[in-house]
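Trainee: Got a minute? I'd like to go through this one with you.
Mentor: Sure. Put it up and ask away.

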Amino acid sequence: MPGRESSVLVVGGAGYIGSHASHVLRRNGYQVIVYDNLSRGHRFLAEGFELIVADLADLSQLTPALKRVSGIMHFAADSQVGESMRNPRKYFSNNVQNGIALLNAALDAGVRKLVFSSTCAVYGIPATIPITEKTPRQPVNPYGMSKLFFENALEAYAWAYGLRSVSLRYFNAAGADESGIIGEVHDPETHLIPCALKAVMGERDSLEIFGTDYPTPDGTCSRDYVHVSDLAEAHVLAFQHLDNKQGAAQYNLGTGSGASVQEVIATIEEVTGKTVPRRIAPRRSGDPPELVADPSRAQAELGWKAKRSLREIVQTAWQWEQKLQRRCQDAALQR
Ligand code: UFG
């Protein structure tokens, strides 16, 4: 039986970023227990790990799992901005209510260390770029509001109960683990890079470019794309940081430079050697023109810096999308 000290509960560990964090934790010598209700996660992304399939509200499963670990990484959340506008109830139930149930169960089980999967959506539409941690947090959709609520709860729990936490505000997570074992699987898929790659592979007719009239150099939105393996490594550094740090801290995780939709498409064409079939569509509501991180606090305090380029993001995402397509074809043949 591995020791409690080196064991981590990865809640939502069968999802995109959680599965990458599980692998990086294991590569760093941690014992990982994945806890996931598989509502959005996938069993195959947790292959090779102990997997507890249960809801956060199910204390009969959660409490014994918490008693075996020294800390938590919390990824379990709904994360689609558009859906959160149509169905806020789902976001406040899953991201806030269930999240608080997890915090309370953690306190009761004696766990005082947590790394939280937050987002740049807590900033809403920032007045200045790059975004620092001091940029006002003014979310413009229920998804961002739900994440901000949880960050605030972590601050209150730090003062009152000594819960030590780090909230990691991701910018645009993309790419896949270099091993090719895990990667991004969303249903429906809405993110730019997988949607563009699916268009290249003929899985969708074309990529829609949401708006070409933004106040940016080429008229398309600019985002800070950060490799999921870089994000996963930040989680391990944050977890280690909590060994010597009280309170609740927050860090932006991005590269510090933006790429426009057109630049991402150009990189995809370079990497795949194929054309991205595309058409211009109206703006998508709620898209800020530009979101770019100032990641210097994470570098100064966690010793973290994104190492992988946009090209590596696209290369690994391309390898993964092709694997996913073969997997779906094999499954269809077996039916
Ligand atoms: N885009 C397209 N076509 C598509 C998909 C996206 O043109 O088919 C554009 C979007 O308009 C945006 C950029 O590509 O300008 C990136 O869009 P994504 O959907 O990939 O990512 P978002 O920037 O919308 O979302 C990210 C995170 C969310 C977070 C949000 C904050 O994935 O979790 O930033 O704004 F909430």
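Trainee: Which residues come nearest to the ligand?
Mentor: L192, E208, R223, R284 and D287. They belong to a set of 21 residues around the ligand. Keep in mind that this is a predicted model.

Trainee: Noted. Which strand gives the most to the shell around the ligand?
Mentor: Strand β8, residues 207-210. It supplies four residues.

Trainee: And by class, what does the shell have?
Mentor: There are 12 nonpolar residues, five polar and four charged.

Trainee: What about D287, how far is its side chain from a ligand oxygen?
Mentor: An N or O atom in the D287 side chain is 2.6 Å from an oxygen atom of the ligand. The side chain of N172 also has an N or O atom by a ligand oxygen, at 2.9 Å. With F210 the backbone does the job: one of its N or O atoms lies 3.0 Å from an oxygen atom of the ligand.

Trainee: How much of the ligand's accessible area does the protein cover?
Mentor: 91% of it. The ligand on its own has 690 Å².

Trainee: Switching to strands. Is β11 buried or exposed?
Mentor: β11 spans residues 248-253, and five of its six residues are buried. So the strand is largely enclosed by the rest of the structure.

Trainee: In what sense do β6 and β11 pair?
Mentor: Parallel, over six bridges. β6 covers residues 164-170.

Trainee: Which residue of β11 stands opposite V166?
Mentor: A249.

Trainee: There's an open sheet too. What is the order of its three strands?
Mentor: β12-β9-β14, with mixed pairing. β12 (259-260) and β14 (290-291) stand at the edges. Each has a single partner strand, so one side of each is left without a neighbour in the sheet.

Trainee: How many bridges join β9 to β12?
Mentor: Two, and the strands run antiparallel. β9 is residues 222-223. Its S222 stands opposite S260 in β12.

Trainee: Now cysteines. How many disulfides does the structure hold?
Mentor: Zero.

Trainee: Why no bond for C221?
Mentor: Because the closest cysteine sulfur, in C120, is 12 Å from the sulfur of C221, too far for a bond. The cut-off for a disulfide is 2.5 Å.

Trainee: And why none for C328?
Mentor: Distance again. The closest cysteine sulfur to that of C328 is in C195, 15 Å off, which is too far for a bond.

Trainee: Are those two buried or exposed?
Mentor: One of each. C221 is buried, at 6% relative accessible area. C328 counts as exposed, at 52% relative accessibility.

Trainee: Loops next. Where is D187?
Mentor: In the loop between β7 (172-174) and α6 (192-200). D187 counts as exposed, with 75% relative accessibility.

Trainee: How far apart in space are D187 and R40?
Mentor: 8.1 Å, C-alpha to C-alpha. In sequence they are 147 residues apart.

Trainee: Last one. Where does S309 sit?
Mentor: In the loop between α9 (296-302) and α10 (310-334). S309 is partly exposed, at 31% relative accessible area. Its C-alpha and that of T255 are separated by 8.7 Å. Along the chain, those two residues are 54 residues apart.

Technical notes
Residues are numbered from 1 along each chain as its sequence is written. This is a predicted model: local features need pLDDT of at least 70, side-chain atom pairs count only at pLDDT 80 or more; totals for chains, interfaces and linings use all residues. Side-chain values use heavy atoms; hydrogens and water are left out. Buried means under 20% relative accessible area, exposed over 50%, partly exposed in between (1.4 Å probe, protein chains only). Two strands pair if DSSP finds at least two bridges between them. A residue is near a molecule or strand if one of its heavy atoms lies within 4 Å of it. A polar contact is a pair of N or O atoms within 3.5 Å; within protein, one must be able to donate a hydrogen and the other to accept it, and residues adjacent in sequence count only if both atoms are side-chain atoms. Accessible areas come from the Shrake-Rupley method with a 1.4 Å probe; for residues, only the protein chains shown count as cover. Ala, Val, Leu, Ile, Met, Phe, Trp, Tyr, Cys and Pro count as nonpolar, Asp, Glu, Lys and Arg as charged, and the others, Gly among them, as polar.
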